[in-house]
Amino acid sequence: MNFPLESFIAVSAANPWTYVVFGFIGFAFGFTLEMSGFGDSRKLAAQFYFTELTVLKVMFTAIAVAMTLLFGAVALGILNFGQVWVNPTYLSSGILGGLIMGVGFIVGGFCPTTSLASASTGKIDGMFFMLGGFFGAFLFGETERFFTNWYNNSGYYGRLTLDQVFGIPVGWIVLLVVMIALFMFWGAEQLERIFGKKDLSKEPKLRVYGAGALFALALAVVFIGTPSFEEKYSKLTFTRTETIPQENADPIVKTYVYSAAEMLEKRLVQIAPAEMFKTIYNQNINLIMLDVRPESDFNLYHVRGALSVPLDKLPAIIPDLLTEPPANSVFVLMSNNETAATEAWKQLVASSVPNVYILEGGVNNWIAFFGENEGFQSVSSTKDDQLGYSFSAALGSSYESCDPNPVKYEDLEFEARIKLQLKRDKSGGGCG
């Protein structure tokens with residue numbers, strides 16, 4: 001089973017208990033902030049004087065514990081990390097925003113979330129800080145058009161994680177972050193002892209056992225490792241519904257759960273050339289066509305609008321495919337027949353890219369369907385997934401059948417295979 005559960009992906013009145021769960025989580029979060037003293041600006045500001053570093057310890061504890069449990073679940077195969085929203089990295093605007101928030105934190109004594117906790121308990125300074133945040137958000141919305149290009153493009157790295165930056169396994173990243181956190185906990189207590197005159201002998205001994213347990217869990221993540229591609233693929237499941245009409249009665253709706261192998265075997269992800277052609281002109285669907293053939297074949301002939309992504313380069317773009325795709329995005333993979341496209345489909349679905357399909361019969365089938373009047377010469381080949389036609393010149397997408405006339409093919413019939421999956425919404429992060 002992969003988390004987040006489907007009922008949490010689509011929270012609605014159909015599952016009213018999900019509102020209760022999220023409400024309880026929100027209440028527990030606010031309650032914890034208040035009990036930790038985070039509703040008091042004096043306690044929060046004290047960290048900048050090194051007399052009270054509770055904020056640093058609480059934040060780093062949350063980061064270290066969440067990271068260890070998250071990737072522990074990934075290592076055990078309970079959770080698919082591809083289904084976890086990772087805020088895309090915008091380095092330039094992130095640095096500037098961090099500086100603005102940091103200065104505001106020092107001056108006002110709150111971050112956005114703690115100001116809400118403070119305001120909810122009737123503290124006037126928390127209310128004013130919260131109102132200032134709303135006013136700042138209003139100013140940003142009114143002026144964003146003047147720097148929108150910089151804001152949306154400068155320093156953009158997509159769905160970037162530390163293991164990608166440093167090129168080392170995730171488990172070691174977890175261990176390193178935990179070790180840094182533990183060192184900072186120790187350093188914070190020494191600063192509190194020196195500047196805040198705190199008596200460390202009165203601190204609870206339980207914190208030492210907690211630190212040891214956290215370190216042990218991080219080591220376990222290292223030794224367990226992360227699931228292989230084959231392991232992730234073997235655990236995939238797809239839900240499909242079938243509506244059976246009944247005379248003088250309500251239709252019967254049946255729900256089926258298939259494995260990835262069954263989806264391929266039952267040909268539930270292979271869409272006909274006619275369906276892909278109609279989808280190109282469907283304004284309700286954002287169609288993204290990925291041609292995974294070698295570049296030489298792509299240059300000879302390709303469907304207009306298709307992007308050339310040879311199979312060996314596909315893993316490099318998966319993080320981009322997982323970053324902010326519109327909810328109505330559909331990915332269609334194509335090769336000369338279906339072999340390379342099927343391998344690409346396995347890679348994408350194992351990485352939790354949603355709404356991925358294969359062009360049935362590949363480019364050869366597309367040409368057979370739309371290019372019958374162009375006089376292409378059919379050629380035979382003993383190799384699998386090869387172009388079945390010869391071309392007088394490498395014209396790419398300039399052939400008529402690369403962009404068929406929608407009026408000529410207005411009345412195409414096909415069995416629809418595309419079924420949009422709900423896209424999880426992105427969540428906020430940190431103090432935001």
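Lys57, Glu192 and Lys198 are joined in a network of salt bridges, a salt bridge being a side-chain nitrogen of Lys or Arg within 4 Å of a carboxyl oxygen of Asp or Glu. The model is a predicted one, in which local features need pLDDT of at least 70 and side-chain atom pairs count only at pLDDT 80 or more, while totals for chains, interfaces and linings use all residues. Residues are numbered from 1 along each chain as its sequence is written, and side-chain values use heavy atoms, with hydrogens and water left out.

Within this network, the side chains of Lys57 and Glu192 meet at 3.0 Å, N to O. Because Lys57 lies in helix α4 (residues 54-75) and Glu192 in helix α10 (residues 170-195), the pair ties together parts that are 135 residues apart in sequence; helices (H or I, at least four residues) and strands (E, at least two) are DSSP runs, numbered from the N terminus. Both Lys57 and Glu192 are buried, where buried means under 20% relative accessible area, exposed over 50%, and partly exposed in between, with a 1.4 Å probe and protein chains only. By the salt-bridge rule, the count comes to eleven. One of these bridges joins the side chains of Asp291 and Arg293 at 2.8 Å, N to O; Asp291 is buried with a relative accessible area of 0%, and Arg293 counts as buried at 1%. In another salt bridge, the side chains of Glu415 and Arg417 meet at 3.7 Å, N to O, with Glu415 counting as exposed at 57% relative accessibility and Arg417 as buried at 19%.

Asp291 also leads to the sheet, since this residue stands opposite Met334 in β8. Five strands form an open sheet with parallel pairing, in the order β5-β9-β8-β6-β7; two strands pair if DSSP finds at least two bridges between them. Strands β5 (270-271) and β7 (307-308) stand at the edges, each with a single partner strand, so one side of each is left without a neighbour in the sheet. Strand β6 (residues 286-291) pairs with strand β8 (residues 329-334) in the parallel sense over six bridges. Helix α17 (residues 339-350) packs on the sheet and touches β6, β8 and β9 (356-359), its direction making about 180° with that of β9; contact here means heavy atoms within 4.5 Å, and axes are lines fitted to C-alpha atoms, for helices over the stretch in contact, with angles running from 0 to 180 degrees between N-to-C directions.

The nonpolar interior is described next. A nonpolar core is a set of buried Ala, Val, Leu, Ile, Met, Phe, Trp, Tyr and Cys residues joined through side-chain atoms within 4.5 Å. The largest such core holds 57 residues, of which Met276, Tyr301, Leu333, Trp345 and Leu348 touch the most other members. The elements giving two or more residues to this core are α13 (260-265), α14, β6, α16 (314-321), β8, α17, β9 and α18 (362-370), and the largest share, seven residues, comes from α17. Leaving aside neighbours within four places in sequence, Trp345 is in contact with residues including Tyr233, Phe238, Leu333 and Tyr357. Apart from the largest core lies another, of 21 residues, among them Phe71, Ile173, Leu175 and Val178.

The structure holds 26 aromatic pairs, in which rings of Phe, Tyr and Trp (its six-membered ring) have centres within 6.5 Å; planes under 30 degrees apart count as stacked, over 60 as edge-to-face and the rest as tilted. Phe238 and Trp345 form a stacked pair, with 5.8 Å centre to centre and 25° between the planes. Because Phe238 lies in strand β3 and Trp345 in helix α17, this pair ties together parts that are 107 residues apart in sequence. Phe238 counts as buried at 10% relative accessibility, and Trp345 is buried with a relative accessible area of 0%. Phe277 and Tyr409 form an edge-to-face pair, at 6.0 Å centre to centre and with 75° between the planes. This pair links distant parts of the chain, with Phe277 in helix α14 (residues 273-280) and Tyr409 in the segment after β11 (389-390), 132 residues apart. Phe277 is buried, with a relative accessible area of 1%, and Tyr409 counts as buried at 13%. Phe277, Tyr281, Trp366, Phe369, Phe370 and Tyr409 form one aromatic cluster.
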